[in-house]
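Biologist: Please take one part of this model and walk me through it closely, then show me how the rest of the assembly is held together. I would like one connected account.

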Amino acid sequence: MSAIESHAAEARGVSKRFGPIEVLHGVDISIPVGDARALVGRNGAGKSTLVGLLTGLYGASGGELRLGGRPTPSLGDRRGWRERVACVYQRWMVIPHLTVAENLFLNNQPRNGLGLVDWRRLRDETMAVLDDWDLDVAPDLEAWRLTVEQRQIVEIARALVQGSRFIILDEPTAELERREVNRLFDRIRALQDQGVTFLYISHHLEEIYEICRTVTVMRDGRIVADAPLEALPKDRLVAAMVGEMVTPLGKRAPAFAAAAQALPGLEVTGLSLGESLADVNLKVHRGECVGLAGLAGSGKDRLAEIVAGLALPDAGAVTIHGQPAPLGDVVAMREAGVGYVARDRHERGLFPLMSLGDNLTATVLPKLGALGFVSGKRQAGIVEAQIAELGIVASSGAQPIGELSGGNQQKAMVGRALASDPRVLVLAAPTQGVDIASKDALYRIIEAARQRGMAVLVVSDDLDELAICDRVEVIFRGRLTRGFARGWSDQDMVAAIEGLY
Amino acid sequence: MTDVSTSRAAIARPTQSLFARLKLRELVLVPVIAVVMVIGSFVSSSFLMPENLLNILQQSSELSILVIAQSLILICGKFDLSLESTVGIAPMFAAWLMIADVSLGGSGIGISGYAGIAVVLATGLLIGLINGLLVVKLRLNAFITTLAMLILLRGVTLGITNGQTLFDLPEPFLYLGNAKWAGIPASIWIAGLLFLFFGLMMRYHRIGRAIYAIGGNPEAARVAGIPVERITLGVFVVGSLLAALAGLLLTGRIASVVSSQGQNMIFYVFAASVIGGISLNGGQGRLIGALTGVLLLGLLQNVLTLSQVAAFWIDACYGAIILLALIITRLSGETPRA
């Protein structure tokens, strides 16, 4: 018996075909009970497809899948799947207007003798679960009020409540602050000690080394490496993912000494906004790339929004090339020379159903023709030039941007900001959720913009993104607390971001 | 006692009063209703008479059954505009089958009144099934699908009878719409019991909770093992059945079927649902709130009529007041992430 149940999940020769295209080719994977397995690979490597098969979203086209030592249940048997595997997705999988209690016991509510929902027992059982997890929220709280961290804990707790001992985490830390990530990891480790098996998907390779024991690397629908993490140091892991050796541009020595002339590019003085920003002063010279590092809610994103014209500060001024900029007006700020790439392209950037070309030129349409009409020829010319310059992989400018990979979408977002030929480029988390090769390409695009003399401000808490900057200013609770020149250590930077200086 | 346990204890208080559990959002219209009633009592001495109040309830009973139907569908995250055409076509089709005299616009078949009731319900069921299949299986947009159905069914209603009004319907067919039980019109009893039944079901039955889950986040509902398609289809069918029943009651009350029966009701159905707190985005709202919405509209209509506002201005007043009610409910509630 124990031999049979020694694997939480096993796949033998599993393939998956969507229409005529085979996206998984004969995948073998076996995850022993109690393992903490990382699943890594570039976008499009087949990770999501494999997860879809393991969670019963769709069936395999060939091969054999086993969960908990038994063949997988039929696709319609959701209960059977739920008992053996649970997935915490990047997307919200809670019901916003139902309470925490109902979300925990979704479709699994305790019922009384009449078959009706027993609200008192539901509350009591929820209280017990929340106590277990040390989660200080009311069972009656509607789920949309939860923080990202609390929501994830609710989703993991739900998986366990429904009896699953095998949990797939799909990029769980993408929206979390570092401190929250640490707390999540503590909880994952505690569950590992209780024999819960994890499959962990992440683009953040450091995290994988922190909490996983073994790693499976996918590339082009195949598994290309399967090893304990000790046996696969970071450079070899990256090599396996990419299929070729790449040096992350971010970590290499400064290619470009600080601009000697130090002409003013972007300057903010005395910026204050509610509780988000308190008297912030920041200068970015022309041809300089400055990082603004901070936690979510530290005020870094508010500052970026002010410079982009999306938020109006209570006090303070922004100047561009020494000229005072018109605050609180997106179009005026753009005309004054600000290019802005918002955090989270899905929510605040893409028009997913529109073409790549329309997405690239969304901010410069007035320049493309008279009286508000858009000259198709002029637009196509700009679009083609941009696609070539930014290295966007697409069939043509007419392809809907929603069909492109995350990395190419993000290149287009940066391309849109560059289309108005800005003097100042503000980028919020510009490489979030893209694969390593695309990150590299985005860094090159940013570098090129800087060399053309733009003042670049990178707003981020991602150490790789901060590493491309000439210097980094740290913001904590609305105040600039520390500055770093190039060559800082990860530990110092993280400590400063966390406010532990 | 630590801080945490104090707050938990406060949270955990297991015996809340019913009143406390109904959130402010659901009861926000109660003071508005009270104000309208006070105004009504000044406007006309007959307003507070039991006959008048019963009259308001009876006239609201068909609307309120439609509001139940639309609320279920809205909470499930869908729309059904064709409910008002179902109110017309279901009894019209039955009446056509029941009337034996072709010169009166009948089919000449002459089925019985009881069979007529069965036809009404079967027609509702069929329409709901078609709507549901189109929306769930073909994944057509519910708004435009049921808009097309609204137009189609209204046209068929006209077509069957060449626009004639059908009279002389058998007594069993009219019974529910004009009977009185314990001195109160049967349609009030029926609407009240339906509110009670569906209100409790939405709160205490797992299918009711599943409907909220589907309207809130269908993907999460599917992952949780809720049969999203089957329940959505069922909600369309139940909604149409209720609309057919409302049509039967309306026919009984006025003892005939007009080809325009139910026309324009859908606007008041939406108005009552939404000012009663049912969200157009799905997953939110309660039937008790929708009930207050219906009552408010019914009282308003009555007060406006009694107040001798020139008949041509009643609709304008009505529309303005609905807008006002929407603003009040929005200002008193909280909006989650947009």
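Modeller: Happy to; I start with one helix of chain A and then move on to salt bridges, single buried residues, chain B and the interface.

This is a predicted model, in which local features need pLDDT of at least 70 and side-chain atom pairs count only at pLDDT 80 or more, while totals for chains, interfaces and linings use all residues. Residues are numbered from 1 along each chain as its sequence is written, chains are lettered from A and ligands numbered from 1 in the order in which they are written, and side-chain values use heavy atoms, with hydrogens and water left out.

The part to look at is helix α13 of chain A, residues 376-390. Helices (H or I, at least four residues) and strands (E, at least two) are DSSP runs, numbered from the N terminus. With 15 residues at 1.5 Å a residue, α13(A) should span 21 Å, and its end C-alpha atoms are indeed 21 Å apart; the expected span is 1.5 Å times one less than the number of residues.

Which residues of α13(A) are buried? They are A:Gln379, A:Val383, A:Gln386, A:Ile387 and A:Leu390. These residues cover an arc of only 100° around the axis, so they sit on the same side of α13(A); the arc is taken from the directions from the helix axis to the C-beta atoms. Buried here means under 20% relative accessible area, exposed over 50%, and partly exposed in between (1.4 Å probe, protein chains only). An α-helix has 3.6 residues a turn, so residues three or four places apart point the same way. The face of α13(A) turned away from the buried side carries the exposed residues A:Lys377, A:Glu384, A:Ala388 and A:Glu389. Among the elements covering the buried residues are α12 (356-360), α14 (406-419) and α15 (436-451) of chain A. Just after the helix, A:Gly391 takes a positive phi of about 65°.

One of those covering elements, α15, also borders a loop of interest: A:Pro430 lies between β17 (424-428) and α15 of chain A. A:Pro430 is buried, at 1% relative accessible area. Setting aside neighbours within four places in sequence, A:Pro430 is in contact (heavy atoms within 4.5 Å) with A:Gln410, A:Leu442, A:Ile446, A:Val458 and A:Glu465.

Now for the salt bridges, each a side-chain nitrogen of Lys or Arg within 4 Å of a carboxyl oxygen of Asp or Glu. The count over all chains is 26. A:Glu447, A:Arg450, A:Asp470 and A:Arg486 are linked in a network of them. Within it, the side chains of A:Asp470 and A:Arg486 meet at 3.6 Å, N to O. A:Asp470 is in the loop between α16 (463-467) and β19 (471-476) of chain A and A:Arg486 in the loop between β20 (479-485) and α17 (490-497), so the pair ties together parts that are 16 residues apart in sequence. A:Asp470 is buried at 15%, whereas A:Arg486 is partly exposed at 26%.

Another bridge joins A:Arg348 and A:Glu305 (3.3 Å, N to O). This pair links distant parts of the chain, with A:Arg348 in α11 (residues 345-348) and A:Glu305 in α9 (residues 300-308), 43 residues apart. A:Glu305 is buried at 11%, while A:Arg348 is partly exposed at 43%.

A further buried residue of chain A is A:Arg151, at 0% relative accessible area, in helix α5 (residues 148-161). Beyond four places in sequence, its contacts include A:Tyr89, A:Trp92 and A:Glu175.

Chain B has a helix α13 as well, residues 228-254, whose 27 residues reach 39 Å, close to the 39 Å expected. This helix is mostly covered, with 20 of its 27 residues buried.

Finally, how do the chains meet? Contacts involve 31 residues of chain B and 34 of chain A. Together the two chains bury about 3,000 Å², 54% of it on carbon and sulfur atoms; this is the accessible area (1.4 Å probe) that two parts lose on being put together, summed over both. There is 1 salt bridge between them, joining A:Glu102 and B:Arg209 (2.4 Å, N to O). On the chain B side, α1 (3-12), α10 (186-204), α11 (206-216) and α12 (218-223) each give two or more residues to the surface that touches chain A.
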